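Student: Hi, could we look at how two helices pack in this one, and then at the cores?
Tutor: Happy to, here it comes.
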Amino acid sequence: MYTPLVQAQTQPGMINFGYGYPRPPKDINLIARRALRQDDADIFFPHEMPQGQLTLCRQIAQMLVHQGLEVFPEDLIITNGSQQGLSLAMNYYVQPGDWVIVEAPTYYGAISILENLGAKIIGIPMTGEGMNLDLLEQYLHSHRPKLIYTISTFHNPTGLTTTQNHRQQLLALAEKYECPILEDNAYEGINFDAVPAPIKALDKNNLVTYLSTFSKTLMPGLRVGYMVVTGKHYQAIIERKLLHDLHTSSISQTIVSEYLASGHYRRHLSRLRTDNLQSRNTMLQALERYFPEEIRWTVPTGGLFLWVQLPDDIPIGTIRKEAFAQNVYLVCGSAFFPDKQGYRAMRLTFCLPPEEIEQGISIVGKLLKKYISKGCVDTERLIVKHRISNYQPLVHSS
Ligand SMILES: Cc1ncc(COP(=O)(O)O)c(C=O)c1O
């Protein structure tokens, strides 16, 4: 999944609806040069502490206050992207053969780590409000999972954000069944409207591990992410970080730190939100214009993706191939389900120039119309408006 996505990104002329990253900040080269010049190069020479640079931890702790999350710099661990945070936390909480709860659909990078770990995955269907809490409770009771993985804000791939009430109920269930939560907030900060504080902000019992990244706001290639880990879990995860890579690149940390210190980050975020909102609106208009009326999609209030639900019988693999032949790269929804057994859907990034959105959506819209008018669709089974999931919980052992 990862390799073809990155390859498609480098293919000239390809309209890539699969790859969700920010537009590069214009001033990053300048900031990077300044960051590297201001200190004697010797400071980059020795190894660092595994938890990362204290200055950067302080800056991130301050930044998190604006998200409604108050933490001490000493609760932070700087990671090599949030992918490493996922891997460290999952390896800490989960042993081979353990049950783990994920949302279905969810981020495929998390599914891969769990599969690699030999975990048994339970995919709880998403509703318009987040994972179905009744089903969650049933499975917490029957399977006693060791971890709940949730993307509470601008969920990847659906773009949904859970309400404060959903967050409270999810945490209450986790407390009742003493099941840790891994809260992945990779899309932190790129919101168009106000969002509820993270679940971690409600956590009094060190049950929630939080992670995020600068990949979606600054540059994925810098590989700087962070975790908030409290209580006894902190030291245990630090030891795992040491085993993995000793510490995150000092140069990358210094660049991010300089970016935060200079005030450029705040301005950059504000510009990013405005640009992303415009792109989202362009995509919504294009979907209305070009997609057949049976198709449904989510309307995210931030993040980088929206989720398109398709009629059950549509030949999505063929459409993907035909779109690719016309230089449009699509990611099918099945990639986001444990065992790849979801329902017909696509995840689309709206973070593209308006002309690419317009052209790409018109191509995909024509293909959808072609197959719908060919009678491939059983209209009785069209997805009901507002219903995010017709997916049955999948209990999958790898
Ligand atoms: C939900 C989620 N978590 C984690 C990651 C990993 O990102 P990175 O390692 O670049 O911080 C991604 C990347 O797409 C993601 O969408």
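Student: At what angle do helix α11 and helix α12 cross?
Tutor: The axes of α11 (residues 316-325) and α12 (residues 354-373) cross at roughly 140° and come within 10 Å. Axes here are lines fitted to C-alpha atoms over the stretch in contact, with angles from 0 to 180 degrees between N-to-C directions. Helices are DSSP runs of H or I with at least four residues, numbered from the N terminus.
Student: And which residues make the contact?
Tutor: Ile 319, Glu 322 and Ala 323 do so on α11, with Ile 363, Val 364, Leu 367, Leu 368 and Tyr 371 on α12. Contact means C-beta atoms, placed from the backbone, within 7 Å.
Student: Is this a predicted model, and how are residues numbered?
Tutor: This is a predicted model: local features need pLDDT of at least 70, side-chain atom pairs count only at pLDDT 80 or more, and totals for chains, interfaces and linings use all residues. Residues are numbered from 1 along each chain as its sequence is written.
Student: Switching topic, how much of the chain counts as buried?
Tutor: 49% of the 398 residues; buried means 20 or more other C-beta atoms within 10 Å of a residue's own, with C-beta atoms placed from the backbone.
Student: What does Leu 147 touch?
Tutor: Leaving out residues up to four places away in sequence, Leu 147 touches Met 90, Tyr 93, Val 94, Val 100, Cys 179, Pro 180 and Leu 182.
Student: How far apart in sequence are the contacts?
Tutor: Of the contacts in the chain with a separation of 6 or more, 77% join residues 24 or more positions apart.
Student: How many helices and strands are there?
Tutor: Twelve helices and 15 strands, a strand being a DSSP run of E with at least two residues.

Methods:
Two residues are in contact if their C-beta atoms, placed from the backbone, lie within 7 Å. A residue is buried if 20 or more other C-beta atoms lie within 10 Å of its own, exposed if 12 or fewer, and partly exposed in between; C-beta atoms are placed from the backbone.
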